[in-house]
Amino acid sequence: MATSLALTLAAGPSRAGSWVAAVGVPCLGARAAAELGVDLDRLVLVPEAGEQW
């Protein structure tokens with residue numbers, strides 16, 4: 001549920017031309033993000049941030 005909320009909140013800015021990122025969410029579904037309105041051309045996915053991000 002928290003992921004859906006985060007994607008919903010990211011949808012507006014990404015559609016308006018801003019870049020959005022999902023960091024540390026290895027199982028984020030791009031299809032779900034798109035269905036919630038996120039512009040996938042403006043989405044950066046970083047499954048694991050590592051120790052020094």
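Trainee: How many helices and strands are there in the protein chain?

Mentor: Welcome! Keep in mind that this is a predicted model. Read along the sequence, the chain follows the pattern α-β-α-β. Counting its elements gives two helices and two strands.

Trainee: How do strands E1 and E2 run, and how many bridges join them?

Mentor: Look at residues 20–23 for E1 and residues 43–46 for E2. Within this pairing, Ala21 stands opposite Val44 in E2. The two strands run parallel, and the number of bridges joining them is four.

Trainee: Which unit do E1, helix H2 and E2 make, and what is its handedness?

Mentor: Helix H2 covers residues 30–35. Together with E1 and E2, this helix makes a β-α-β unit, and its handedness is right-handed.

Trainee: Is Val23 buried, partly exposed or exposed?

Mentor: Start with its place, which is in strand E1. Buried would need under 20% relative accessible area and exposed over 50%. Val23 has 36% relative accessibility, so it counts as partly exposed.

Trainee: Which residues form a nonpolar patch on the surface?

Mentor: Val23, in strand E1, is one of them. Together the patch residues have about 340 Å² of accessible area. The full set is Trp19, Val23, Val44 and Val46.

Trainee: Which residue forms a salt bridge with Glu35?

Mentor: The structure holds one salt bridge, so there is a single pair to find, with its closest N and O atoms 3.5 Å apart. Both partners lie in helix H2, four residues apart, about one turn of the helix. Each of the two is exposed. The partner of Glu35 is Arg31.

Trainee: Where does Ala16 lie, and is Ala16 buried or exposed?

Mentor: Ala16 sits in the loop between helix H1 (2–15) and E1. Its C-alpha atom is separated by 9.7 Å from that of Arg42, which is 26 residues apart from Ala16 along the chain. The cut-off for exposed is over 50% relative accessible area. Ala16 has 68%, so this loop residue is exposed.

Trainee: What is the radius of gyration of the protein chain, and what would a compact globule have?

Mentor: The C-alpha atoms fill a box of roughly 30 × 25 × 15 Å along the principal axes. Buried residues make up 21% of the 53 residues. With that number of residues, a compact globule would have a radius of gyration near 10 Å, and the protein chain agrees with this, at 11 Å.

Terms used. Residues are numbered from 1 along each chain as its sequence is written. This is a predicted model: local features need pLDDT of at least 70, side-chain atom pairs count only at pLDDT 80 or more; totals for chains, interfaces and linings use all residues. Side-chain values use heavy atoms; hydrogens and water are left out. Two strands pair if DSSP finds at least two bridges between them. A crossover is right-handed if, with the strands pointing away from the viewer, the path from the first strand over the helix to the second runs clockwise. Patches are made of residues with over 30% relative accessible area and no salt bridge: like charges are joined within 9 Å, nonpolar side chains (Val, Leu, Ile, Met, Phe, Trp, Tyr) within 5 Å. Accessible areas come from the Shrake-Rupley method with a 1.4 Å probe; for residues, only the protein chains shown count as cover. A salt bridge is a side-chain nitrogen of Lys or Arg within 4 Å of a carboxyl oxygen of Asp or Glu. Buried means under 20% relative accessible area, exposed over 50%, partly exposed in between (1.4 Å probe, protein chains only). The radius of gyration is taken over C-alpha atoms; the globule rule is 2.2 Å times the number of residues to the power 0.38.
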